[in-house]
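I opened the model to follow one residue outward to its strand, its neighbours and the whole chain. My notes are below in the order of looking.

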Amino acid sequence: QVQLVESGGGLVQPGGSLRLSCAASGSIFSIYAMGWYRQAPGKQRELVAGITTGGITNYADSVKGRFTISRDNAKNMVYLQMNSLKPEDTAVYYCNAGKYRGSDYYPYNYWGQGTQVTVSS
C-alpha cells in the first residue's frame, strides 16, 4: 500500500510556473515508478510525465520541454516542475505509483487526492 498526497497547485498566469509535490508513505517508495496525470473537465485522465525507479523520465508530447519530473527517494517525494504554462494545462493533477514495462507506464491503483492547477489571466 502506498499513500500519496499532492500539493503545490494554484492559479497562475499564462507563461508562469508552478512546482507540484507528491509525498509518499506506507511502502518502499523507491521500488515504484511514479507518474503525474492530469484530468481536465470533460476529458479523460492522461499521463503527463513518468519517472522510472532509476530516474529515467518520459513526457507527453504536449508538455515536453516545459515540464520536468523528478524524484527524491531519500525523502519519498516526487515533483513536477511546470514552466511556460498554458491555459490548456488547466486540470486537476494527480500523483500515481506504478511500473514501467518497456517504455509504457502502467499505473497501480495508488492515487493522491489531486491538486488543481488553473492557468488563466
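**Entry 1: one side chain.** I began with valine 48 and asked whether it is buried or exposed. Its relative accessible area is 1%, and the cut-off for buried is under 20%, so valine 48 counts as buried. I note here that the model is a predicted one.

**Entry 2: what surrounds it.** I placed valine 48 in strand 5. I then listed its contacts, leaving aside neighbours within four places in sequence. The list holds Trp36, Tyr37 and Arg38, then Asn58, Tyr59, Ala60, Val63 and Phe67, and finally Tyr93. I checked the last of these by backbone distance: the C-alpha atoms of valine 48 and tyrosine 93 are separated by 9.0 Å, although the two residues are 45 apart along the chain.

**Entry 3: the partner strand.** Which strand does strand 5 join through five bridges? I found strand 4, and the two run antiparallel. Strand 5 covers residues 46-51. In this pairing I saw tryptophan 36 standing opposite alanine 49. Between strand 4 and strand 5 the hairpin has six residues, and there glycine 42 takes a positive phi near 75°.

**Entry 4: strand 4 from its other pairing.** I looked next at strand 9, residues 91-101, which pairs with strand 4 in the antiparallel sense over seven bridges. Here glycine 35 stands opposite asparagine 96. I then asked how many residues of strand 4 are buried. Six of the seven in residues 33-39 are, so strand 4 is largely enclosed by the rest of the structure. I kept a general point in mind: side chains in a regular strand alternate between the two faces of the sheet.

**Entry 5: the whole chain.** I counted elements and got eleven strands and zero helices. Buried residues make up 43% of the 121 in the chain. Among contacts with a separation of 6 or more, 56% are between residues 24 or more positions apart.

**Entry 6: size and surface.** The C-alpha trace spans about 40 × 25 × 25 Å along its principal axes. I compared the radius of gyration with the value for a compact globule of 121 residues: the chain has 13 Å and the globule would have near 14 Å, which agrees. The exposed area is about 6200 Å², with 48% of it supplied by carbon and sulfur atoms. Last, I counted 11 positive and 7 negative side chains, and the centres of the two sets lie 3 Å apart.

How values were computed
Residues numbered from 1 in each chain as written. Predicted model: local features only at pLDDT ≥ 70, side-chain atom pairs only at ≥ 80, totals over all residues. Heavy atoms only, no water. Buried < 20%, exposed > 50% of the residue type's maximum accessible area, 1.4 Å probe, protein only. Helix = DSSP H or I, 4+ residues; strand = E, 2+ residues; numbered from the N terminus. Pairing = 2+ DSSP bridges. Rg over C-alpha atoms; globule rule 2.2 N^0.38 Å. Contact = heavy atoms within 4.5 Å. Areas by Shrake-Rupley, 256 points an atom, 1.4 Å probe, with all protein chains shown as cover. Lys, Arg positive; Asp, Glu negative; His and termini not counted. Charge placed at Lys NZ, Arg CZ, Asp CG, Glu CD.
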